[in-house]
Amino acid sequence: MSEFRTLDDLDFRGKRAIVRLDLNVPMKDGKVTDSTRIDRSAATLKELVGKGAKVIVMAHFGRPKGKRAPEFSLQPLVAPLAKALGRPVAFAEDCIGAPAEAAVAKLKDGDVLLLENLRFHDAEEANDAGFAKALAALADVYVNDAFSCAHRAHASTEGIAKVLPAVAGRLMQTELDHLSAALGNPKRPVMAIVGGAKVSTKLDLLGNLVGKVDLLVIGGGMANTFLFAEGKEVGKSLAERDMAETARKIVAEAKRKNCRIVLPVDAVTAAEFKAGVATKTVDIDAVPADQMILDIGPKSAKEIGDLLKTCKTLVWNGPVGAFETSPFDQGTTAAAKAAAALTTSKALLSVAGGGDTVAALAHAGVVDQFSYVSTAGGAFLEWLEGKDLPGVAALKRQ
C-alpha cells in the first residue's frame, strides 16, 4: 500500500472533486505554445470523469500578484484542456464566490469545469484559511496532481487538504512512487549525479545526498570548486574559491558516511566560453592557467559509465558540462546515453529532474528512456534536499 492516499482510496461517483493541477504553460499572443503539462494532467481528469465525478480544475498562471489581469487569465486553456480530454470544459470567471458556485451548480456527473487563476487572490499564496475554505466549499473531495507546486504551502496545495478528504492524482502518485524508489527505499548501490554552476546553491542537496547514496558524482562548475579545494589548478574556470573549506567538509562527511565522491579525472578546456572555440582535452592535473574547464573529458565520461554499470539506482540533477554550447555537451550526453542504455535493459532505475537536467537529457535524446524525468524544478530540488513538502505531507496516510 502506498504511503500516500490516492484515487483508489475514495468513491468519486456523484462527488464534486476539486483537482489542483500545474497548468503554468508557455503562452504567446494568448495561445498555448506547449501543451505538455496539460496533456500529462489529462489522465487523472479522465479517470475522475470515468468514475462519475463532477470535476473542478484549479490552477495558477504566472505571477499576477493578487490582481486580476487579462494576460494571466486561464480562459485560453479551456480549448487545449478540452482537446486533451476529448470533451467540453466549462469555465468560471473566478475561483471562489458566486461565479464559481454558479458554475459548479450546473455540473452533471462527468462534467469538467476550469476555475479562473487562483493567484488573482493574494490569499492563495498566503495560505489563508478562509480562502482555503471557500475553495473547499465548492467540492466534496480534493485531489492534488501538481507535485511541481507541492513545495509551496498555499491554500490550494496545503490549506484545502485540512478541510476536505485529500488524495494524490495519478501524476502526483507516479512522481512520489519514483522518488520513493530512488531515495526512500532504493535498490543499491545508488549513484547521484549533481552538476550545475555553484556549490553554494546546492549545499543542502549535497549534505542530504552524502547520507543517502553510495556514489556522488560532482560535475559542472561545482566540480571546479572541489578540485580547487584539493589543491588542483583550475585556471580561469568558474569556481567558488571561498567555498573551498565547505567543499572539504562535504568530502569529510561523505567519507564518514561511506559515500564515494567522484570528481573529473580529465577535462575539456578553452580560453573562452563560446561556440567553435579551440579546445584542449587534458588530465585534471594539467589544466592550463589561461584556460577554463567547460566539460568533463572522455576518461571521466567513461568512468561514470563504468560506475553506472555497478549501480541499481541513479538520481540526476544538473549537467556535468556547459552542454548548451557544442562541443561542451559531449560529457553530459555520454553519461546520459550510458544511463539510458542501462535503464532500457532494466539494469538501472533512473530518476532525473530540474530544468537544466531535463534540457540536457532532451539534448541527448534520452528523456523517454529514463525511468522518470521530473519537470518539477523547485519541488524536485527540495525533495533532493530532504525537505518535507507541504503539499505532499498533506496527502500522507494518518
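**Pockets and charged pairs in a predicted model**

The largest pocket has a volume of about 530 Å³, and 33 residues line this pocket, those closest to its centre being Gly-196, Ala-197, Gly-220, Gly-221 and Gly-321. The structure is a predicted model, and the points below treat its two largest pockets first, then its salt bridges, and finally its aromatic rings.

**The largest pocket**
- Two or more lining residues come from each of the elements α9 (220–229), β14 (292–296), α13 (355–364) and α14 (377–384), and the largest share, five residues, belongs to β14.
- Sorted by class, the lining of the largest pocket holds 15 nonpolar, 14 polar and four charged residues.

**The second largest pocket**
- The second largest pocket has a volume of about 370 Å³, and of the 18 residues in its lining, Phe-4, Trp-383, Lys-387, Asp-388 and Lys-396 lie nearest its centre.
- At least two residues of this lining are supplied by each of α7 (170–184) and α15 (390–393), with α7 giving the largest share, five residues.
- The lining of the second largest pocket is made up of nine nonpolar, four polar and five charged residues.

**Salt bridges**
- The count of salt bridges in the model comes to 23.
- One of them joins the side chains of Asp-140 and Arg-16, with a distance of 3.1 Å from N to O; because Asp-140 lies in the loop between α5 (129–136) and β7 (141–144) while Arg-16 lies in strand β1 (residues 16–20), the pair ties together parts that are 124 residues apart in sequence.
- Asp-140 is partly exposed, with a relative accessible area of 30%, and Arg-16 also counts as partly exposed, at 24%.
- Another salt bridge links Lys-54 with Asp-109, whose closest N and O atoms are 2.7 Å apart; Lys-54 is in strand β4 (residues 54–58) and Asp-109 is in the loop between α3 (97–105) and β6 (112–114), so this pair connects parts that are 55 residues apart in sequence.
- Lys-54 is buried, at 16% relative accessible area, whereas Asp-109 is partly exposed, at 45%.
- Glu-303 and Arg-260 form a further salt bridge, their closest N and O atoms being 3.1 Å apart, and since Glu-303 lies in helix α11 (residues 298–308) and Arg-260 in strand β11 (residues 260–262), the pair ties together parts that are 43 residues apart in sequence.
- Asp-8, Glu-47, Lys-51 and Arg-170 are joined into one network by salt bridges that share partners.

**Aromatic rings**
- The model has four aromatic pairs.
- Arg-241 lies over the face of Phe-228, at 5.4 Å from the ring centre.

Methods. Residues numbered from 1 in each chain as written. Predicted model: local features only at pLDDT ≥ 70, side-chain atom pairs only at ≥ 80, totals over all residues. Heavy atoms only, no water. Phe/Tyr/Trp six-rings, centres within 6.5 Å; stacked < 30°, edge-to-face > 60°. Lys NZ or Arg CZ within 6 Å of the ring centre and 35° of its normal. 1 Å grid on protein atoms, 1.4 Å probe; cavity = no way out; pocket = protein on both sides within 12 Å on 5 of 7 lines; lining within 4 Å. Points joined across faces, edges and corners; volume = space filled by probe spheres on them. Helix = DSSP H or I, 4+ residues; strand = E, 2+ residues; numbered from the N terminus. Nonpolar A, V, L, I, M, F, W, Y, C, P; charged D, E, K, R; others polar. Salt bridge = Lys/Arg side-chain N within 4 Å of Asp/Glu carboxyl O. Buried < 20%, exposed > 50% of the residue type's maximum accessible area, 1.4 Å probe, protein only.
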